[in-house]
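Biologist: Before we discuss this protein, could we put the sequence and the structure in front of us?

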Amino acid sequence: MKQLSRKSVICVAALCIALAILRLVSLRDHYTGPSVRSPQDLEDAHTAWSVALTYNRSRPSNESKAEVLTEYPEKFISNFKNPCWISMVERGKKLQCLPYFYLAGMPKCGTTDIWYKLMHHPGIWNCSKEPHWWGKIRVSYYLGKSKLGASAGAYYTKWGRMIDKVIKKKGIETAKKMIVGDGSASTFWENRHWRKSYPNTSLAPQSSTAYLLRKVQPEAKIILAFRNPVDRLYSDYQYLNRNSTPTPTPQEFDRAVQFAITSFHRCLETIGDLRTCTYDTDRAVRLRIGLYSVYYEDWLQQFPPEQLLPIKTEDWSKDCPGILSRIHRFLDIDEQTFPVRRITCGAERANVANATGVLLPETRRKLEEFYAPYNRRLATLLNDDNFVW
């Protein structure tokens, strides 16, 4: 009986190995797509990524460079909708992927609600929203709060495992059509650690997250949520201070706003560079996150407008089914019927906090005056006056 049991175990193990080999062979057969990365793109991405990782003391810079060159994809599997490729590792081959799309910003603009309603689509694999890799973990910030490593390989492997789950649960034919997304609301704006990455540069560097992402994934689709920056800031302030005792008052918020505005104007007078002052860190309130036009111009320099989908949060609240339809078309996935979208949008809104205290009229006036020129600039860039709040 024991002898039979050992034989059974051996047979099961052999069958598992055979199935794994067949799956890899099947993937390899689809790995015939043309190269989508030019040698110059490879070198540019290698340089930019290496510079960005220079101050990461946990790994020598030469190790970071070797990793980037090793892990960087030169080809994607041609028959997969999601960008994936096969990497050679010590144990053989490994499936690695990038997200098909990014819900990249902005915080407190309804991204969580958009994300979870988007996850209802059968063509999108339901996964956790915010790994915060591009804006934070990649430069070794936020590492203690995440299991995800700072290396490029760790990020690629995360998404490869997602698609691997699809293959195992639904089969390879379904996996070819399925996509995954990164919903980190920090991707679009987070670059406040640039001075550590570029200690010899006095002005904000050109190698932003947008620059690097384009070098790695020029076909990426970027979804953006913009809310009235005044309301966004107050919501953000209350969220970040939700555990404070006592709860900060509207008067304290007003003083923090005045300090932030004064500091920003002082920066402009001293440095004279809008982009540098925008990317520098706020203290009491995150005033600079609301300068949407500055960040958008960075991304517009790297990606064509057709790969950027800006959504006004207020429009999402009024017409969720209509905006959801726009997102489906933007992602080139099957557009769900209106009744289905209406049911999806009828679900309880995600991550909505109750406001405590009313924004003082004088505070609102200060902020509206501060944000006005940047809102007009955003409306000009988008050719849409709807974004002039």
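**Cavity, sheet and a salt bridge**

Biologist: How many residues in the lining of the second largest cavity are nonpolar, polar and charged?
Modeller: The lining of the second largest cavity divides into five nonpolar, four polar and one charged residue. This is a predicted model, in which local features need pLDDT of at least 70 and side-chain atom pairs pLDDT 80 or more, whereas totals for chains, interfaces and linings use all residues. Residues are numbered from 1 along each chain, and side-chain values use heavy atoms, leaving out hydrogens and water. Counting Ala, Val, Leu, Ile, Met, Phe, Trp, Tyr, Cys and Pro as nonpolar, Asp, Glu, Lys and Arg as charged, and the others as polar, the division is five, four and one.

Biologist: What space lies in the second largest cavity?
Modeller: A cavity is a set of points on a 1 Å grid where a 1.4 Å probe fits but cannot get out, and its lining residues have an atom within 4 Å of a point. The search finds two cavities of 30 Å³ or more, and the lining of the second largest includes Trp189, Glu190, Tyr279 and Trp299. With volume taken as the space filled by probe spheres set on the joined points, the second largest cavity holds about 50 Å³.

Biologist: Which are the edge strands of the open sheet?
Modeller: Strands are DSSP runs of E of at least two residues, helices are runs of H or I of at least four, and two strands pair if DSSP finds at least two bridges between them. The four strands run in the order S4-S3-S5-S6 with parallel pairing, S3 (residues 101-105) and S5 (residues 221-226) being joined over four bridges. The strands that pair on one side only are S4 (181-182) and S6 (308-312).

Biologist: Where is Met106, which follows a cis peptide bond from Gly105?
Modeller: The bond from Gly105 to Met106 has omega near 0°. Lys108, a non-glycine with a positive phi of about 60°, lies in the loop between S3 and H4. Met106 is likewise found in the loop between S3 and H4.

Biologist: Which residue forms a salt bridge with Asp113?
Modeller: A salt bridge puts a side-chain nitrogen of Lys or Arg within 4 Å of a carboxyl oxygen of Asp or Glu. For Asp113 the closest N and O atoms are 3.8 Å apart. Asp113 lies in helix H4 and its partner in the loop between H15 (338-345) and H16 (361-382), so the pair ties together parts 236 residues apart in sequence. The partner is Arg349.

Definitions and conventions: On a 1 Å grid over the protein atoms alone, a cavity is a set of points where a 1.4 Å probe fits but cannot get out, and a pocket is an open set with protein on both sides within 12 Å along at least five of seven lines; lining residues have an atom within 4 Å of a point.
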